[in-house]
Amino acid sequence: MDTQTNNSLKTKEVEVEDGESYGNRSHISSSRSSFISSMEMEQGKLCISKDDVSSESAYHCSTCHDDEEWRCANPIRGRAKSRSLSASPALGSTKEFRRTRSLHGPCPVTTFGPKACMLQNPKTIMHIQDPASQRLTWNKPPKSVLVIKKIRDASLLQPFKELCVYLTEENNMIVYVEKKVLEDPAIVNDDNFGPVKKKFCTFREDYDDISNQIDFIICLGGDGTLLYASSLFQGSVPPVMAFHLGSLGFLTPFNFENFQSQVTQVIEGNAALVLRSRLKVKVVKEYREKKTLIQNGIEENGVMTTSLEIEVGKQIMQYQVLNEVVVDRGPSSYLSNVDVFLDGHLITTVQGDGVIVSTPTGSTAYAAAAGASMIHPNVPAIMITPICPHSLSFRPIVVPAGVELKIMLSPDARNTAWVSFDGRKRQEVCHGDSISITTSCYPLPSICFRDPVSDWFESLAECLHWNVRKKQNHFAVEEEEF
């Protein structure tokens, strides 16, 4: 290998930030144990440190690293022992809690044979933290909390009042509440709750920006409250603690009975986190203005025209989506006919009721009802699921989280389509409009009741009754005849 190629393949060590920040005061405690996925990130760099791998056996690539020796346990084959789910780092001991292996598999070796290796490019790789080591910590003690309550639900009024009294009087915290929540007649007419209500800071959705004022979020209700919390923060999201007071509760692991001790643990920084990836969506719509024509075909300004629609520009809208982007046929009786592009290449045309592009968190929602597989939130992926496709071979697929998808109406589509984002902001998609989707660099940090894996499987069992079946009887032992 010549000198030029040798130099181009040399890897460079770059520093890794000690933790990802969420909101103003919180961040995730960092661990060097990780696996690497090819995902383009807008922020962050990668570090591969020689001190982080085991010293049981050694190998090196003289072509890529000259005489540098890199050590790794079982470099060719083998699987590390998994850690018990019940084990967790003691409070204040996160610095000593380090692992050289991921919970889901070994760290991949990036040298192949005696002379080949992977070209390192820090701008196009993502540092993925070991799920078992994701712990919440605070840079400064939290002072402000956003309480999101499910509206039009009388059963949540008493829990809402108890929580707000505890936060304001016991912890001396600033409580933010949406203005329409306090307009409930039961709250307005409660004189005993009046002194507490006066301490609240209120806001209105789409009018007031509170993204830089909230330290963490508490949700009272079902999964919809978590989706609503996500929609309020188009950038960095503070940690979210969700109490199960709704109907399904797949994303809300906490029960409200012992809320005082559970909230206290979060305030002290003693909690596990699961980072729920979101989708960054950009909708580009061709903006057209309709002009009124006179009967003789001349406009009011006297200029001849052959079309009622004059293009005057494009309208661009951006969204952060936690569950899914749904493109469907809307009220039309015709099949939807949309083209799906991946990194600029046409991969398929969806002919059916529509298509779902979901995160791993959204894989247990609408996508699961459409026949997709369920993906753990820690898996970096995007799922594409057709809705009632007019094809026997169109199966849901999973693509890497770093790709960019684009959805457009096919040129020969008979009708328009409609798109919604986490079930909201529904709008029509016409010819020439485009929907670009990729993984956002701003995940939603959801606080776990126990840990990311245990909480997920418990939700599968309790909420979706995953693999519930009557046990098969064993064979009866036949007595031997003498």
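These legends walk through several close-up views of one predicted protein model.

Residues are numbered from 1 along each chain as its sequence is written. Because the model is predicted, local features need pLDDT of at least 70 and side-chain atom pairs count only at pLDDT 80 or more, while totals for chains, interfaces and linings use all residues, and side-chain values use heavy atoms, with hydrogens and water left out.

**Figure 1. The whole protein, before we zoom in.** You can find 9 helices and 27 strands here. Helices (H or I, at least four residues) and strands (E, at least two) are DSSP runs, numbered from the N terminus. Of the 482 residues, 45% are buried. "Buried" means under 20% relative accessible area, "exposed" means over 50%, and "partly exposed" is in between (1.4 Å probe, protein chains only). About 26900 Å² of the protein is exposed, and carbon and sulfur atoms supply 49% of that. Those areas come from the Shrake-Rupley method with a 1.4 Å probe; for residues, only the protein chains shown count as cover. Take the contacts between residues at least 6 apart in sequence: 72% of them join residues at least 24 apart. A contact is a case of heavy atoms within 4.5 Å.

**Figure 2. Helix H3, with its ruler check.** H3 covers residues 157-170. Its 14 residues, at 1.5 Å each, should span 20 Å, and the end C-alpha atoms are 19 Å apart, so the two agree. (The expected span is 1.5 Å times one less than the number of residues.) Buried residues in H3 include Leu-157, Phe-160, Leu-163, Tyr-166 and Leu-167. Among the elements covering the buried residues of H3 are strand E10 (144-149), strand E11 (174-178), strand E13 (216-221) and helix H7 (259-267). Just past the helix, look for Asn-172, which takes a positive phi of about 55°.

**Figure 3. Strand E10, covered on both faces.** All 6 of the 6 residues of E10 are buried, so this strand is largely enclosed by the rest of the structure. Ser-144, Leu-146 and Ile-148 sit on one side, with Val-145, Val-147 and Lys-149 on the other. E10 pairs with E11 in the parallel sense over 3 bridges, and with E13, also parallel, over 5 bridges. Two strands count as paired if DSSP finds at least two bridges between them. To get your bearings, spot Ser-144 opposite Ile-174 in E11, and Val-145 opposite Phe-216 in E13.

**Figure 4. From E10 over H3 to E11.** Together, E10, H3 and E11 make a right-handed β-α-β unit. Right-handed works like this: with the strands pointing away from the viewer, the path from the first strand over the helix to the second runs clockwise. In E11, 4 of the 5 residues are buried, so this strand is largely enclosed by the rest of the structure too. Val-175 in E11 stands opposite Val-145. E11 is also joined by 3 bridges to strand E12 (residues 201-203), and the two run parallel. There, Tyr-176 stands opposite Cys-201 in E12.

**Figure 5. A pair of rings, Tyr-166 and Phe-259.** A pair of aromatic rings is described by how far apart the centres are and the angle of the planes. Rings of Phe, Tyr and Trp (its six-membered ring) pair if their centres lie within 6.5 Å; planes under 30 degrees apart count as stacked, over 60 as edge-to-face and the rest as tilted. The count comes to 12 aromatic pairs. Tyr-166 and Phe-259 form one that is edge-to-face, at 5.7 Å centre to centre with 85° between the planes. Tyr-166 lies in helix H3 and Phe-259 in helix H7, so the pair ties together parts that are 93 residues apart in sequence. Both Tyr-166 and Phe-259 are buried. Ring pairs link these two with Phe-243, Phe-254, Phe-256 and Phe-449 into a cluster.

**Figure 6. Ile-148 and its contacts.** Ile-148 lies in strand E10 and counts as buried because its relative accessibility is 5%. The C-alpha atoms of Ile-148 and Leu-220 are separated by 6.1 Å, though the two are 72 residues apart along the chain. Leaving aside neighbours within four places in sequence, Ile-148 is in contact with residues including Ile-217, Cys-219, Leu-220, Tyr-228 and Leu-232.

**Figure 7. Ser-363, a buried loop residue.** Ser-363 sits in the loop between strand E20 (345-358) and helix H8 (366-369). With 0% relative accessibility, Ser-363 counts as buried. Not counting residues up to four places away in sequence, Ser-363 touches Ser-358, Ala-368, Ser-373, Met-374, Ile-375 and Met-383.
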